[in-house]
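Biologist: Got a minute to go through this one with me? I'd like to talk helix packing first, then charges.

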Amino acid sequence: MPISRPRLFFMTLLAMLAFAANSVLCRLALEQTKIDAAGFTAIRLASGAVVLWLLVMMRDGISTRATIGQGSWPSACALLAYAVGFSFAYVSLATGTGALLLFGAVQVTMISHGLRHGEDLRARQWLGMSLACAGLVVLFLPGISRPPLGSALLMLGAGVAWAVYSLRGKGAGSPLEATAGNFMRAAPVALLLAALLHRGISLDWSGIGYAVVSGGMASGIGYAIWYSVLPSLKTTTAATVQLGVPVIAAIAGALLLAEPLTLRLLLAAVAVLGGIALVVLHGEARARA
């Protein structure tokens, strides 16, 4: 059943807020609590799997085995690769830098895939993409030092993995059940990874709380929402709207992690969101023509 345009916009916005929340929650946990990256990843995926399983059970009443059957191992592996790279990269990266690297890689991967499979952008849409990218440059380059190479490569890899996960989501059946199945596959592997690194594992209740909120709410429910809107978005559009996430993350980082909130940040936000609007709205106009 097609999603109405207002509902599509609202659900896409919720998904973007959830993505930004993951960056902020991960940085809060790794910077202000004792939890480590492996423990955060394992608890995040496990709590996401539990919440999604409960939602599927309440809605459909199907068995655990049937729920797992709705996902796929390739999607679960992409989800796991994203989650591991994301957490370990944020040990050394600032919130805004990590979001920029992550969603820059997502954009390049998804738009390249879309263009390779016959999607095209008109001049106004290319202008919108250029404006959005310029906004990101204005936002991040002047005030952020060069990130550590290893952490940067981990986050770029996480971005490619998330793009693969999103692309596979366009062909998913039931968004909620597919997301639940993917989490239920990925969570045990993440727990095994944490067990293998048990000597380096460090936990406290605050860190566990951040990981549970990130997994159960921002990841589990947020990704289910994202999977539900993906079939209604072109690949290039799905990639471009995610450019708004670094802006949201940077603003949240300024409010919660004492990162500076400047006029430059606000101007960059206008440029990024304005560029996204050009791509999405012009694409919708072409689809109606």
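Modeller: Sure. One thing to settle first: axes here are lines fitted to C-alpha atoms, for helices over the stretch in contact, and angles run from 0 to 180 degrees between N-to-C directions. Also, this is a predicted model.

Biologist: Okay. At what angle do α1 and α4 pack, and how far apart are their axes?

Modeller: The angle is about 50°, and the axes are 10 Å apart. For reference, α1 covers residues 5–32 and α4 covers residues 73–89.

Biologist: What do we call that orientation of α1 and α4?

Modeller: Oblique, because 50° is neither under 35 degrees nor in the 65 to 115 range.

Biologist: And is the crossing left-handed or right-handed?

Modeller: Right-handed, as α1 passes α4.

Biologist: Which residues make the contact?

Modeller: From α1, Asn-22, Ser-23, Cys-26 and Leu-30; from α4, Tyr-82, Phe-86 and Ser-87.

Biologist: How many of those are nonpolar, polar or charged?

Modeller: Four are nonpolar and three are polar, with no charged residues in the contact of α1 with α4.

Biologist: Switching to charges, then. How many salt bridges are there?

Modeller: The count comes to one. Arg-27 pairs with Glu-31, and their closest N and O atoms are 2.5 Å apart, within the 4 Å cut-off.

Biologist: Where do the two sit relative to each other in the helix?

Modeller: Arg-27 and Glu-31 are four residues apart in α1, so about one helical turn separates them.

Biologist: Is Arg-27 buried or exposed?

Modeller: Buried, at 11% relative accessible area. Glu-31 has 42% relative accessibility, so Glu-31 counts as partly exposed.

Conventions. Residues numbered from 1 in each chain as written. Predicted model: local features only at pLDDT ≥ 70, side-chain atom pairs only at ≥ 80, totals over all residues. Heavy atoms only, no water. Left-handed = near helix turned anticlockwise from the far one by under 90°. Contact = heavy atoms within 4.5 Å. Nonpolar A, V, L, I, M, F, W, Y, C, P; charged D, E, K, R; others polar. Salt bridge = Lys/Arg side-chain N within 4 Å of Asp/Glu carboxyl O. Buried < 20%, exposed > 50% of the residue type's maximum accessible area, 1.4 Å probe, protein only.
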